[in-house]
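Walk through this model with the viewer open. Start with the helices, then follow the side chains.

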Amino acid sequence: MPADLKAMYEGILAACGGVDNITTLGCCMTRLRFTVKDEALVSPDALRRVKDVAGYFYSGTQHQLIVGPSTAGKLAAYFNERHPFAPLNVSGVYVPPALAPNAAASAEGPAVGEAKANKAAVRKKYSSRISRACAVIGNIFLPLIPAYIGCGLILGITNILSKTLLAGDPNTIALLGVFGNGIFFYLNAIVGYNANKEFGGTPALGVAFAGILNMPALANVTLFGQALVPGKGGVIAVLLVCWAGSWLEKRLRAHVKGSAEMFVTPTLTVLVVGIVSLALIQPVAGWLSDQLALQTQNALKHGGVIAGALLGGTFLPLVMMGIHQSLVPIHQQLVDALGANPLFPILCMAGAGQVGASVAVLLKTKNSRLKTIVKNALPVGILGVGEPLIYGVTLPLFKPFIGACLGAACGGAVIAAFHVTSAIPFGVSGVVLFLALSNLHSVIFYGVGFLVSLIAGFAITWKMGFDDPPNEEEN
């Protein structure tokens, strides 16, 4: 059944001190996020008890409620239709519930704090700057996810159909290829727009920078005796050029006054950044991109199952600390350089391992509320949306989180051993990624890896056990 937005709205307001206590409010794909004036008025335990809320945690200055991918946007809109809250930037790092405001009041239920939570708090402090940088990258690429999903699924399905049902119909395959490559044809321009906006420059100038780097006419130009290569460096070059361009633009605006600023600033910015980008930034970004593809191939070729296990097993902690978004440009660059992504399917094993660990929790726990949380979060977890399971189930219980990581390591080893690749950089995972893999070989062995991760995550979690929270009536 769809979530009752009115009941959620009223319950959240009651638990956070009323509408006047909320200062900013927004959402990401799966969470409602807000900040408040007086933290003492917020009851984390009451927030967790709001119907259809799968989990709660505190990140930096933000209160975050896990409500699911279809509910987060609707709930945020429901709030903003009634109260014009200031917008909230999507950023922050996980803080265990035991270390959140009003921790003493929130120590009940599955989100129980323990000694391990202190280590997570130290990790949070250590990675705070990295997390803020990753949040910037996330703000650049996350708006593209719907287009990545739509176009990526078409590309993946087309790859399979081209070798099976539509093998003798090149015209239909070509047409589907046009649809599937829609986002990727203009990707650098969109990234340029979002990057310049995020870095504090004029968004349209970001499009201009991306255009300079990708202009086909560059192939007819030589610089320092070398022919220029359109698109060299991919999105990495675009990000670096937009950062440099925004930096220069902001300083020009601070020094050029009056009506001349309208003409002088953008003109000088484009000229200076254009020269610097072609002479310096693009060659450096091109080298970085080539090295990235080469080192990834070498790691998976020579490291094999060990590299796959390490990559798969460490991805959930990256998600927990909020720094997994830094991998998005890497995923895109691998597709640009290799034509497929060998890294993404390995990382997707984290979701499978977590599903297995959560099933073990579901079958082993005696806590009725925890059972409900797992049952509500499992369907979206299988589809590749793992946050409800991370923050609502495995991480608060800790041992299931370890079981999920070890399960992911087992599946990552399988994926690396059989060279599974996806046709898209990122966007869909879980069982949905079956539709966006590069070929039938990848489909088969992605399935094998997925099952290995799920079974291993289940078995390890079942063997390790966990501290089962008592039912409320037992407290």
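Helices (H or I, at least four residues) and strands (E, at least two) are DSSP runs, numbered from the N terminus. Leucine 288 sits in helix α12. This is a predicted model, in which local features need pLDDT of at least 70 and side-chain atom pairs count only at pLDDT 80 or more, while totals for chains, interfaces and linings use all residues. Residues are numbered from 1 along each chain as its sequence is written, and side-chain values use heavy atoms, with hydrogens and water left out.

Stay with helix α12. It spans residues 260-321 and gives the most to a nonpolar patch, with eight residues. Patches are made of residues with over 30% relative accessible area and no salt bridge; like charges are joined within 9 Å, and nonpolar side chains (Val, Leu, Ile, Met, Phe, Trp, Tyr) within 5 Å. The patch here consists of Leu240, Leu268, Leu271, Val272, Val276, Leu280, Val284, Trp287 and Leu288. Together they offer about 760 Å² of accessible area on the surface. Such areas come from the Shrake-Rupley method with a 1.4 Å probe; for residues, only the protein chains shown count as cover.

How exposed is leucine 288? Its relative accessible area is 36%, so leucine 288 is partly exposed. The scale is simple: buried means under 20% relative accessible area, exposed over 50%, and partly exposed in between (1.4 Å probe, protein chains only).

Now go to strand β1, residues 22-27, where threonine 24 is found. Threonine 24 has 16% relative accessibility, so it counts as buried. Its side chain makes a polar contact of 2.5 Å with the side chain of threonine 35. A polar contact is a pair of N or O atoms within 3.5 Å; within protein, one must be able to donate a hydrogen and the other to accept it, and residues adjacent in sequence count only if both atoms are side-chain atoms.

Next, the aromatic rings. Rings of Phe, Tyr and Trp (its six-membered ring) pair if their centres lie within 6.5 Å; planes under 30 degrees apart count as stacked, over 60 as edge-to-face and the rest as tilted. The whole structure holds nine aromatic pairs. One of them joins phenylalanine 79 and phenylalanine 85, at 6.4 Å centre to centre. Their planes are 45 degrees apart, and the pair is tilted. Both phenylalanines, 79 and 85, are buried.

What makes the pair of phenylalanine 458 and tryptophan 462 stacked? The ring centres lie 5.7 Å apart and the planes meet at 20 degrees, so the pair is stacked. Phenylalanine 458 and tryptophan 462 are four residues apart in helix α19 (residues 440-464), which means about one helical turn separates them. Phenylalanine 458 is partly exposed at 26%. Tryptophan 462 is also partly exposed, at 39%. Lysine 364 lies over the face of tryptophan 462, at 4.8 Å from the ring centre. A charge sits over a ring if NZ of Lys or CZ of Arg is within 6 Å of the ring centre and within 35 degrees of the ring normal.

Ring pairs also link Tyr9, Tyr78, Phe79 and Phe85 into a cluster. A charge meets this cluster: the charged end of arginine 82 sits over the ring of tyrosine 78, 3.4 Å from its centre.

Arginine 82 leads to the salt bridges. Side chains of opposite charge can pair when their charged atoms come close. A salt bridge is a side-chain nitrogen of Lys or Arg within 4 Å of a carboxyl oxygen of Asp or Glu. By this rule there are five salt bridges. Arginine 82 forms one with glutamate 81, at 3.3 Å from N to O. Arginine 82 is partly exposed at 39%, whereas glutamate 81 is exposed at 61%. Elsewhere, bridges with shared partners join Glu249, Arg253 and Glu261 into one network.

Glutamate 10 and lysine 6 form a bridge of 2.6 Å, N to O. Both lie in helix α1 (residues 5-15), four residues apart, about one turn of the helix. Aspartate 45 and arginine 49 meet at 2.9 Å, N to O. These two are four residues apart in helix α2 (residues 44-49), so about one helical turn separates them. Aspartate 45 is buried at 14%, but arginine 49 is partly exposed at 39%.

Finish at helix α18, residues 399-417, which contains proline 400. Proline 400 is buried, at 0% relative accessibility. Proline 400 and phenylalanine 466 are 66 residues apart in sequence, but 7.0 Å apart in space, C-alpha to C-alpha.
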